[in-house]
Every structure is written in C-alpha cells, then in structure tokens.
Amino acid sequence: MLLAAEGIRMNSTMDDMNLIQQAQRHHLVVRELGEEIDLEIGRADDDPSFANTPIMGGRPREPSAEENDEVKNMMASSQFSNEEQDVSKTQPVKRKKKVVKRWREEWADTYKWAFVDVKEGTARIFCSVCKEYGRKHRRNPYGNEGSRNMQMSALEEHNNSLLHKEALRLQMASKDKIVVDKTIYVKALMSKTAGSIIEAALKRDPHELEFIQSVQEAVHALDRVIAKNSHYVNIMERLLEPERMLVFRVPWVDDRGETHVNRGFRVHFNQALGPCRGGIRFHPSMNLSIAKFLGFGQTLKNALSPYRLGGAAGGSDFDPKGKTENEIMRFCQSFMNEIYRYLGPDKDLPSEEMGVGTREMGYLLGQYRRLAGHFQGSFTGPRIFWSGSSLRTEATGYGLVFFVQLMLADMNKEIKGLRCAVSGSGKITMHVLEKLIAYGALPITVSDSKGYLVDEDGFDYMKISFLRDIKAQQRSLRDYSKTYARSKYYDEAKPWSERCDVAFPCGYQNEIDQSDAITLVNSGCRILVEGSNMPCTPEAVEILKKANVLIAPAIAAGAGGVVAGELELNHECNLLNWSPEDFESKLQEAMKQIYQRALKAASDFGYQKESPEALVHGAVISAFLTIAQAMSDQGCV
C-alpha cells in the first residue's frame, strides 16, 4: 500500500525515493530493512526540521539534469501558487468536505501494511502482505480532495485488489505463516512452554484478536505455574479450545415488513466443573472472537466463585438501539429458535450482558418456554420470575464496590471521601454509583460512546435517578449539564483525565489504552477495579503495573453476578423471602471468599500481597488449578 507520487512524469527510481521521503515527513520510522513499519501522523511540510533529513543511511544520489529541470519547474509553479494564495486570502474560505476526514484516517491505517526494503540497489516501499511494490497498490478513489501529500491509496482499495486477495489467501492456507489485521502485543514469558501455548493460539486463530489477548493475559499469569509443572501445558491447550461453538443466522422482520439477517453466536467453553453460565450480548461489534474471549473469561470467573460451574458466552451483532419493542421481541424469538436445544438447567443458563436487559431476557425466556414445552426458570436476569432474591441486577455493581472495600481494608484505609472515576452508563455503572454514594465515596464521572460527563460536586441519588431517565429516553448525557451547572460534558473524550483515587472502567473491552493509562496515573489513581471484561490493553496493563496501581481483575471483582444467579436458582433461596440486607450479606461473604482465594494462590506462587500483580495473577491461578484438577480427574474428554 503506497502513497501517490508527488512528481509527474518522473522515472521509477525517483518516484519511489520521493515516496519514501514523503513518508518520512510523517514520522515513518524505519528500524531495519524488511521490518514492518507503523506511522503516527505528525508534522509534515510545515516542519522545516524534516526538510533535509535522510530516511536511510548511505550516500545521497546526485539528481540528473532532467530531474533538476523538473524541480525548477515545480518551484516556479509553487511560487505561482503562493501568489494565488495571497489573492485568495481576501476570499471566503470554503468548508472542506467530510470525505477529507475519512481520507486522513485511512491514510494513517495504510502505513500499517508497508515496509521499506532495497530492490536492485533502490529503497522502495513494499506491501507487507504480498511483498510487492508498484503503482498497482496506489490509487486515489476519492478524486483530488485534500492536499497533494495525501493523494494515496486507501486501505480498502488495497484489500479489494486481486493481488492482495491472492496473497492473503495463500498466507491463510499456509500453516507456517500468521496473518493478522492488527499488531498483537506479546509479553515476555519466563518459560518456553508458556510461550508455545500462545504461539499455538496465534497459528490456530490468527484473526481473533480479543481472544488471543485474553489467552495471553491468562498464560502470562500462569507462567510460574506452568514452569513448575509442564503437565499443565497439555491441559491449557485443551482448555483453550471450546467444547462447542454455535454460529447461526438470525432472520427477523421489522415493523415495515422488511427482512433482516444477523449472525448469532453461543460458545460453550468448558463444562468440567458443571453446567455453563454466561451472558448474551447484543452489539454491532459482536463476533466469534469476542464470544470466545467472553466465554473464556466467564469460565475462569465461574471457577473462582464458590460454585461449581462451567463457562459460556454468546450473542449477536444485532443492535437494539433504535429498534421498537416488537422488533426486539421478534429478533429475540428468532434467536431462541436456534439455541433452545442447547439450553437448560443442566446444560447452559444464559444471563444478561451488554445490550441485553430484563426486557430481552423476558422475550428469550418466553420463547424458550414455548419451544421446550415446560417452564424451568433457567434464565438468570428477569427479576419478575424469582420470589427470593431481590438484588439480582444490582449484584455485579455492588460486588465491585465490596471488592474494593476489601482491598482498602488490607491497606488500613476506607472508601469514604475517595474520588471515583466511573466509565459507562449502563446497569453496572448505575449500581456502582449507588453503592459508592451509600459508603460515602464521591463518584464524579459517567460516560457513553460519544464522550463523558463530569460533576465536580459528585453524584447523589437524585442525580442518578435523573441519569436513568436520560438513558431510558435515549437522550444524550449532555442534557445532564443543562440542569446542573457544576457539571460539564466533553465530546470525544474519556474520563481518565479527571483527578481520582479509584477508577471503575465499566464500559467495554480495551477502553483504556496506553495513553489513557498514563493519563490515569498522572490523575492520581491508585486502584483500578475492572467492571467490564478486559478493559485494559496489554500496553496499558504494563503502564499501570510500573506505576504500582493495584488492579482488581474482572474475573474476581465482577463475580457478583455469578453469585446472585446461583442464589436465585438455589431452592432454599426461593423458599425464603430474603430482604435486601440478607442478600447483600450473602454477596459480601462470597466476595470475601473470592478475594481470599486469589490472595492465597498469589502467595503460594511467590507474589507479594502489595504487588500490583498479586490479585490479577492469583485470581487466574486459583481458577485454573480448580479447572485443571477437574479436567485431569475426568480424563481426555
């Protein structure tokens, strides 16, 4: 994938050198010949420091007479254009079209497919997929919009080229090569056997980035365990392959009578400990990689809980936003038509996740009852079906706050008066805010997909009720700032720049990247509680670890929902009408058990209690050893 050449009617050698020089003006870093390169858009022609810096070592080639004449002509035309610019200053400036912004974004992505190498004594820019260069990779599909420096090929144009498709097909057919769309951050491991597990996962599922990231985090936490006992390598390899993966179409009809088709997923990851439990997510980004990463995390989370449960996850790329009640009902019924055979109290019990709430779970359960012919009450989520537990939907958010209280108690501190930055604005976020207020903390932020809201006075119960009304009416969080003067909404931003003591990322996976982690550390954060699954990128985790920020992992801190779900299904719980206080007491007791199990496992393998890695690694170790024992007892199944 290449930039379009600036010169006109240049020979091929001068053409490619100009491309390389132009790439350098945009911070194209060349480390070694043949090495892949990435690009950060920075200063370009307006920065004089980049004018004469060579991109590669070696003696510069003297330009020919023809090239000198051409340069003079270009300089003359440039002077003429400058005069035109002086005249145009008095004229009104035209607004640039939106296509330019799209062009700039694709321009940055394009460089991820390029590397520099020498061909016949000349440095050229090559495509990192098909290892070729030339004009067949350069085309400007958007006309002449934007500056001349940005007339280059778009990423989708290259991906759609026959040459690229053939190269990609050949690489996917090869067992020795790994093709991925994005760079995968690989951590250093102590043992070669642990590294072989990640390498095998990369070769088997090279495009499943979220799943590979979750595998890498787990294997990194198990490094010392695997180094002591190589027997666990075989168990880990079996664990990383789900027992069953369902991928199916979900046809449905909207209110206008038009037919739509979405893709559905359900992954039964591991049932060595018992029947599966796991959420259903409805979101446009949903795919098999996310379903597997959620299922793997749920397997570890359930194994760490006080109950013997397997892990599962699933959902669809259906977006409930903007859909009517009848459309959502028809979609849920169509979704259930395919998976009801695999559900049941002894098989798989689905629960709420992103985009799936009480309404959706009610529709799913109704269709399941209709198809199965009986009512088993095997879905966790819709409170109306349970006579005992009264805090099912609140359990995950409350459990996060209970968990951070345990951490602070070991530090001889309390949560009262601490400033807390919370992301997201869904069910978990609202319940975290409620419990933080109840314990005297000061929650100051919430966020959505378009920005974040900060209230310097902190939220209270009345403000939380107002936030719920805003979300129920599908309005923007910006409307909150119109009512409360001390609040402000920031577009296209994240809440991690606000001064805080504790952070609760409750939005989506990888919402905290490396720069966000640096900002969070500079904001004074000392504890991060993972309210969502895998909220930090590997680079962000490294930054937080170096800054000694304690991390409460999602598989431990977010286990409140698992606990509440099992209490709902417990026969004793359904016979007794527990008060919210009794239910909270049971939840706190379970969270304490999980916390102590994680710390004990970390201590057994040499992690100090004060280490930022203690809880993260201890939780994974404890969960894995429980699963590994069950898998060993049951044989190779």
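D604 and K600 lie 4 residues apart in helix α22, so about one helical turn separates them. Their side chains meet in a salt bridge, with an N to O distance of 3.2 Å. The model is predicted. D604 is partly exposed, because its relative accessible area is 46% and the buried class ends at 20% while the exposed class begins over 50%. K600 has a relative accessible area of 54%. That value is over 50%, so K600 counts as exposed. Elsewhere, salt bridges that share partners join D205, E208 and K292 into one network.

Side chains of opposite charge can pair when their charged atoms come close. In this model the count comes to 24 salt bridges. One of them is formed by the side chains of E584 and K435, at 3.1 Å from N to O. This pair links distant parts of the chain, with the two positions 149 residues apart in numbering. E584 belongs to helix α22 (residues 580-604). K435 belongs to helix α14 (residues 427-438). Both E584 and K435 are buried.

A further salt bridge joins the side chains of D479 and R475. Its N to O distance is 3.1 Å. D479 has a relative accessible area of 17%. This is under 20%, so D479 is classed as buried. R475 has a relative accessible area of 31%. This falls between the two limits of 20% and 50%, so R475 is classed as partly exposed.

Helix packing was examined for α11 and α12. Two packed helices are described by the angle between their axes and the distance between the axes. Helix α11 spans residues 325-339, and helix α12 spans residues 358-372. They pack at an angle of about 45 degrees, and their axes are 9 Å apart. That angle makes α11 oblique to α12. The crossing of α11 past α12 is right-handed. On the α11 side, the contact is made by E325, I328, M329, C332, Q333, F335, M336 and N337. On the α12 side, R359, E360, Y363, L364, Q367, Y368 and L371 take part. By class, the contact comprises 9 nonpolar, 3 polar and 3 charged residues.

Two individual residues were then considered. Q213 sits in helix α7, which covers residues 209-221. The relative accessible area of Q213 is 10%, so this residue is buried. Neighbours within four places in sequence were set aside. On that basis, Q213 is in contact with N510, M534, C536, T537 and P538.

C525 is placed in the loop between α17 (514-522) and β14 (527-529). Its relative accessible area is 1%. With the cut-off for burial at 20%, C525 is therefore buried. Residues up to four places away in sequence are again left out of the contacts. C525 then touches C500, D501, V502, A503, L520 and V549. In sequence, C525 and V549 are 24 residues apart. In space, their C-alpha atoms are 7.2 Å apart.

How values were computed: Residues numbered from 1 in each chain as written. Predicted model: local features only at pLDDT ≥ 70, side-chain atom pairs only at ≥ 80, totals over all residues. Heavy atoms only, no water. Axes fitted to C-alpha atoms, helices over the stretch in contact; angles between N-to-C directions. Parallel < 35°, antiparallel > 145°, perpendicular 65-115°, else oblique. Left-handed = near helix turned anticlockwise from the far one by under 90°. Contact = heavy atoms within 4.5 Å. Nonpolar A, V, L, I, M, F, W, Y, C, P; charged D, E, K, R; others polar. Salt bridge = Lys/Arg side-chain N within 4 Å of Asp/Glu carboxyl O. Buried < 20%, exposed > 50% of the residue type's maximum accessible area, 1.4 Å probe, protein only.
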